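This report walks through one protein model, part by part. Keep the structure open while reading.

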Amino acid sequence: MLLNHCRLIKEFSGGVETADGAVRLEDGKIVEVFAEALSEADSSAMADSSAASETVTGSEAVIDCQGKTLLPGLMDTHTHIIGITGYSSELLKSPMKLFMKSAAAAQAYLDYGFTTLRDCGTPLRVANFVRDAFAAGLMVGPRIISGGCIVSPTEIEEMDSIYEMYSWADGADAIKRAVRKELAEHADYIKIMASGSAFHKQGIPVQPIITAEELSAAVEIADMKGTYVAAHAHGDGAIRLCVDKGVRTVEHATFISEETIEAALAREDFYLVPTLSAMYQNPEKTPLEMMFLVDKLKNMLQISTKCLRKAYDAGLKIGFATDSTVGMDQYEQGIEFQYRSELFGMSNIDILLQATKVNAEIVEMSDCLGEVKQGYIADLILVDGKPDQDISVMYHKPDMVFLAGERVR
Ligand SMILES: [Zn+2]
C-alpha cells in the first residue's frame, strides 16, 4: 500500500521533512519513506518492481493523503481499558461479560488514533487476555502492554468499587510473591501503588503507602525477570522513594519537588508519566458518590501545574498518558493534549514526541514503534492539519488510522 501526498515532520520520520511525500507499507511494516510524492507512473512502476520480488501482488493500493500530516500511531502509557466508568463489581459474576466489555472498550481506542496502550490495572487481569486475543488476531485491537492486577499494600476498604483491580500484599516477602504471581500470569511489567490514590475517598495522595523495603522487593523481582516497575505516586516522598529504589516509571508524579527532579535527572532509565486529564472534571457528569473528587482534583491540578512544569523545564523524560478510558470527555476532547499545551507550557513537538517516541521507549519498543521509519511497524495516523504548529488538531479524531499496515479507521 502506498500513502501518497502525505506531509511528514522530521522529528517523527527519521529526519524526512516534506509537505508532499509518500510512505510505502508492506506486510505490516513501513518499507520506504519518500521525501517526494510518487507520480502515478512511478507508483505503478514501483508497484511492479515490488511485485517482481513478491510472488502474488496485483496493482498496489494507493491512498491519496491530500497533504495531510502522517504521524506514528499514538500511545497511551497509562490507561485502564476497563476503568472507573465502565466497571462495576457486578461484572465479576460474569468474567465473560467483563472480557467482552473490556475488549470492545480497548478496540475503541483505535478510533482516536491510539494504536498502543499500556494498561495499568484491570480486575481479573482481563487486559492480559484482551492483549492476547488481539495479538493472536482473534479480534482487531491496539497493541496492549498489560500489568495485570495492581500490586498494593493494604489501603482501601473492600467496599470500594475497584477493589478487585488490586493484588494486596504487605511486607517484602508478600510483595515478592505478589509480583511473581503477576509475572507468572503473564504481566508485561509490574504496576505498584507507592502513594495514596486520588480516586478513593480515603486515599491521601500526598502520603506514601509503601516502605523502601517493599518497593525494593518489587524492583528486585521485576528486574530479575527482565522487566520493570511502574509506580503510582502523587506525593514527593513516594516519588523520591521510586527514584532511589529503581522504579522505571512514576505515574502521575503530581507533587514532584525540585530536589527529586534533580535526583531523577541522574537516572538514565527513568520516566515521568503524568496523567493530567485524570484531573479534568465535568461536574455535570460526576455522580453524587464521586463529588468528593471535585475539590480534591482541582487542588491537585493547580499544584501539579507548577511541579510538573518544573520537571518539564528541567528536561526530565516525560511520557504521554491519560489514566482515562475511551468514552470519557478526556478522549472525546483531547484533554491531555490541551492541558499539556495550555496549562503546562509544553511545546507541540514535545507533546507529540511524548505520545509516540518517548512512549515507545517507555514500553521498550523504540526499535520498532513510535516513528514513521523504514523497518518500523506500520502503526500510523493521518491528521487533518499541522499539529506541530497547532496542537488543537489533536483534540479530534484522526482522519485515518493504520494498525500494522491495515486501515482501521
Ligand atoms: Zn491509573
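## Ile82 and its surroundings

The model is predicted. Ile82 sits in the loop that joins strand S6 (74-79) to helix H2 (95-108). Is this loop residue buried or exposed? Ile82 is buried, because 28 other C-beta atoms lie within 10 Å and the threshold for burial is 20 or more.

Beyond residues up to four places away in sequence, Ile82 touches Tyr87, Lys101, Ser102, Ala105, Thr122 and Val126. Ile381 makes a reference point in the other domain: domain 1 covers 2-72 + 371-407, and domain 2 covers 74-362. Ile82 and Ile381 are 299 residues apart in sequence. In space, their C-alpha atoms are 24 Å apart.

## Helix H2

H2 has 14 residues. From first C-alpha to last, H2 reaches 20 Å, close to the 20 Å expected at 1.5 Å a residue.

Its buried residues are Leu98, Ser102, Ala103, Ala105 and Ala106. Why do they lie on the same side of H2? They cover an arc of only 165 degrees around the axis, so they share one side of the helix. The face turned away from that buried side carries Met96 and Lys97, both exposed. The buried residues pack against strand S7 (114-119), helix H3 (126-135) and strand S8 (143-146). Two of the buried residues, Ser102 and Ala105, are also among the contacts of Ile82.

## Two domains and their contact

The domain assignment gives domain 1 (2-72 + 371-407) and domain 2 (74-362). Their centres, taken over C-alpha atoms, are separated by 32 Å. How many residues meet across the boundary? In domain 1, 18 residues are in contact with 21 residues of domain 2.

On the domain 1 side, strand S5 (69-72) and strand S16 (400-403) are the elements that give two or more residues. That side divides into 11 nonpolar, two polar and five charged residues.

## The largest nonpolar core

The largest nonpolar core holds 126 residues. Within it, Leu70, Ala194, Ala218, Val229 and Cys242 touch the most other members. Helix H11 (residues 348-362) supplies the largest share, seven residues. Where does this core lie relative to the two domains? Domain 1 and domain 2 both give residues to it, so the core lies between them. In soluble globular proteins, nonpolar side chains tend to be buried together.

Val229 shows one set of contacts in detail. Apart from neighbours within four places in sequence, Val229 is in contact with Ile190, Ile192, Ala218, Val219, Ala222, Val247 and Arg248.

## Helix H5

Helix H5 (residues 212-224) has 13 residues. Its reach from first C-alpha to last is 18 Å, close to the 18 Å expected at 1.5 Å a residue. The buried residues of H5 are Glu214, Leu215, Ala217, Ala218, Val219, Ile221 and Ala222. Three of these names, Ala218, Val219 and Ala222, also appear among the contacts of Val229.

What covers this buried set? The cover includes strand S9 (150-152), helix H4 (172-184), strand S11 (190-193), strand S12 (229-233) and helix H6 (236-245). Just after H5, Gly226 takes a positive phi of about 75 degrees.

## Positive phi outside glycine

Most residues other than glycine have a negative phi. Gln66 departs from this, with a positive phi of about 55 degrees. Gln66 lies in the loop between strand S4 (62-64) and S5. Gln66 counts as exposed, because it has 12 C-beta neighbours inside 10 Å.

Ala404 is not a glycine either, yet its phi is positive, at about 45 degrees. Ala404 is found in the loop between S16 and strand S17 (406-407). With 17 other C-beta atoms within 10 Å, Ala404 is partly exposed.

## Ala253, a buried loop residue

Ala253 has its place in the loop between strand S13 (249-252) and helix H7 (258-265). Ala253 counts as buried because it has 31 C-beta neighbours inside 10 Å.

Which residues is Ala253 in contact with, leaving aside neighbours within four places in sequence? They are Ala233, Ile239, Leu272, Pro274 and Leu308. Ala253 and Gln333 are 80 residues apart in sequence and, C-alpha to C-alpha, 23 Å apart in space.

Key:
Residues are numbered from 1 along each chain as its sequence is written. This is a predicted model: local features need pLDDT of at least 70, side-chain atom pairs count only at pLDDT 80 or more; totals for chains, interfaces and linings use all residues. Domain bounds come from an automatic or database domain assignment. Two residues are in contact if their C-beta atoms, placed from the backbone, lie within 7 Å. Helices (H or I, at least four residues) and strands (E, at least two) are DSSP runs, numbered from the N terminus. Ala, Val, Leu, Ile, Met, Phe, Trp, Tyr, Cys and Pro count as nonpolar, Asp, Glu, Lys and Arg as charged, and the others, Gly among them, as polar. The expected span of a helix is 1.5 Å times one less than its number of residues. The arc is that of the directions from the helix axis to the C-beta atoms. A nonpolar core is a set of buried Ala, Val, Leu, Ile, Met, Phe, Trp, Tyr and Cys residues joined through C-beta atoms within 7 Å.
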